[in-house]
Amino acid sequence: MSKRSRFLLILVVLGLCFAFLWPSLKWYVYTPKEVQTLALGSLEKIKDYAIAMTSDDIKAMKNAANADASSVLDAKYAWLEKVAKKNYKAMGENVPSPMTVGDVLNSFYNQAELSNTIQEHYRDGILAAKKCYQNSVKLGLDLSGGMNIIVKADLDAALASQKESALAADTVTFKSNAMAQALETLTSRIDRFGLTSPVIRQQGEDRIYIEIPGAAEAEAINTIIMGKGILNFRLVDMEATQAFESYYASHGGTVFTASGALADSSVIPSDCEVLGLYKKDEYGLDERVSYLVVKKEIALDGQHIKSAQVSANNLTNEPEVDFVLDSEGSGIFAEFTAAHKGDYLAIVSDNQVKSNARINDAITGGRVAITGFGLQEAQNLQKVLQTAWLSVPLSVESQQVIGASLGEQAIRQGKMALIIGLVSVLIFMLIYYKGAGFNAVVAQVLNMYIMFSVLSAFNLTLTLSSIAGMILTIGMAVDANVIIFERIKEELVLGKSRASAINAGFDNAFWAIMDSNITTFIAAIFLSQLGTGSIQGFAVSLAIGVVSSVFTALFVSRLMFDVNTQVFGRKTMSISWRVK
């Protein structure tokens, strides 16, 4: 490969590495601590923050406008001024200059539009930081502290409970749906609990791995994990709902106790309970939009649902959700709907009303169509109908808690070990190999740069074992340079010129380097596939280090030698105290 091709290849690799590493740099270096704290919080906390900041900003701007009509907008609202200019242009009016606070407020049709704009600004900023974190290198629990939980899902018990269901006939599909439901339920509940950026993923066929960084109460987590979200259909008492809405409007925050129970149970009939009607909001959260009074008695259990899908209505072309009931469920539903024409039926999952539809006619045949919402709502309801009824017993198989102080100590020790190891090796190379040792120094620095870039590219987690793999890689990367330098020294002893000695040295060292690194790479791959936990983290970082060290030794170091020879015209080589 020519010097120019080698140089271009190195530039491309370094450029890609920078693109991979940028999310980590942006998160750990350029993202303020207060924004990091918000981004690592739950979606509920992000939503509360955006609403609170929006309220404060609107209040501050109104006060400023009332105090001085000619007051100029604060510099921190420069983004809002740009939005206001677009609004004036969209209305076909002249853009005020200079733009006052009052001008900005008047550019919006109403306060709701202004509120939505400001809230969207805060929401998008925090969610962008959250996405940046998700694409960056993360610290493992042994470095950040937190809780590590492995949950076992009893799929056989879930299958046995639904043995008469048509879905249960396809065991593979049933278990896949059951695991999907368990993952979604846990993710929703843990995020609602307000925990910091949890990691929840499937491990094997029937286990769920959960990582919760930071401090968390073990008992509270176990309570969340052991909960179940069973779906059912219940009749809505519309008369009681209207009465409750009037009562709620006049009594406000005193309607419910701190635990969520009604302060005065006589407000609704004794055979009913109050549940919230929820829709997905801009944050992807279930947002309560109103309350419904529903019967405690279950009209139809969700276990009778065989399948659910989203389709388009033949007449209106609007989205609708169609679901099919089994034979027993068909009979129950037909009898119930015939007796309650004109009433409303609620679909309840995890004590939340997901949909509320009017019963127009008796529904026979076991095929039910629900309309009256958009495509996104229809898809959300389909998921609820298809999976939320599955009862999957969950049990905590293992649980490990790591203190934050222990994690901070581990970070310090890991950094120190990495720095001392790297500096010691580089000092040795500079002393023993003189000028050529500088090539090894540059190669080592780029080697660490590439390793961290790959970790960031694949969203891998940095643990103590990963740091151990990096430290081992430092020695292996130097080993490749040592082999090359020794081969070059042998050629110089034979009386060859600088250029000839370099060419022969790299050619003779190539297969020795490749043989040792290929065998190490194979071992690392097997460890990463067969090992778990710390063994897997060590193996992954070792495999990445093997590839990057070979690249830096054979390409970067070689380019530096060639540039000194061909560009700067060096005839001699500083590579040993004994060889001139």
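The following legends describe close-up views of a predicted model. Local features are reported at pLDDT of at least 70 and side-chain atom pairs at pLDDT 80 or more, while totals for chains, interfaces and linings use all residues. Residues are numbered from 1 along each chain as its sequence is written, and side-chain values use heavy atoms, with hydrogens and water left out.

**View 1. Helix α16 and its bend at A509**. Helices (H or I, at least four residues) and strands (E, at least two) are DSSP runs, numbered from the N terminus. Helix α16 covers residues 498-530, 33 residues in total, and spans 47 Å between its first and last C-alpha atoms, close to the expected 48 Å. That expected span is 1.5 Å times one less than the number of residues. At A509 the helix bends by about 35 degrees, the bend being the angle between axes fitted to the seven residues ending at a position and the seven starting there. A509 is also buried, as are other α16 residues including R498, F506, I513, N517 and S528. Here buried means under 20% relative accessible area, exposed over 50%, and partly exposed in between (1.4 Å probe, protein chains only).

**View 2. The largest nonpolar core**. A nonpolar core is a set of buried Ala, Val, Leu, Ile, Met, Phe, Trp, Tyr and Cys residues joined through side-chain atoms within 4.5 Å. The largest has 23 residues, and I484, F485, I488, F561 and I575 have the most contacts inside it. Two or more residues come from each of α14, α15, α16 and α17, with α15 giving the most, seven residues. Beyond its neighbours within four places in sequence, I488 is in contact (heavy atoms within 4.5 Å) with A501, I502, G505, F506, F561, M573 and I575. Another core, of 19 residues, lies apart from this one and includes A153, A158, F174 and A178.

**View 3. A salt bridge between strands β5 and β6**. A salt bridge is a side-chain nitrogen of Lys or Arg within 4 Å of a carboxyl oxygen of Asp or Glu; by this rule the count comes to 13. R234 and E273 form one such pair, at 2.4 Å from N to O. R234 belongs to β5 (residues 231-236) and E273 to β6 (residues 272-280), so the bridge ties together parts that are 39 residues apart in sequence. R234 is buried at 6% relative accessibility, whereas E273 is partly exposed at 25%.

**View 4. Salt bridges within helices α15 and α17**. In α15 (residues 464-493), R487 and E490 are three residues apart, about one helical turn, and their closest N and O atoms are 4.0 Å apart. Both are partly exposed, E490 at 44% and R487 at 26%. An α-helix has 3.6 residues a turn, so residues three or four places apart point the same way. In α17 (residues 534-567), R558 and D562 are four residues apart and meet at 3.3 Å from N to O. D562 is buried at 7%, and R558 is buried at 13%. Salt bridges with shared partners join R6, R558 and D562 into one network.

**View 5. Backbone geometry at P98 and K434**. The peptide bond between S97 and P98 is cis, with omega of about -5 degrees. P98 lies in the loop between α4 (78-90) and α5 (101-106). K434, which is not a glycine, has a positive phi of about 55 degrees. This lysine, K434, lies in helix α14 (residues 404-457) and is partly exposed at 23% relative accessibility.
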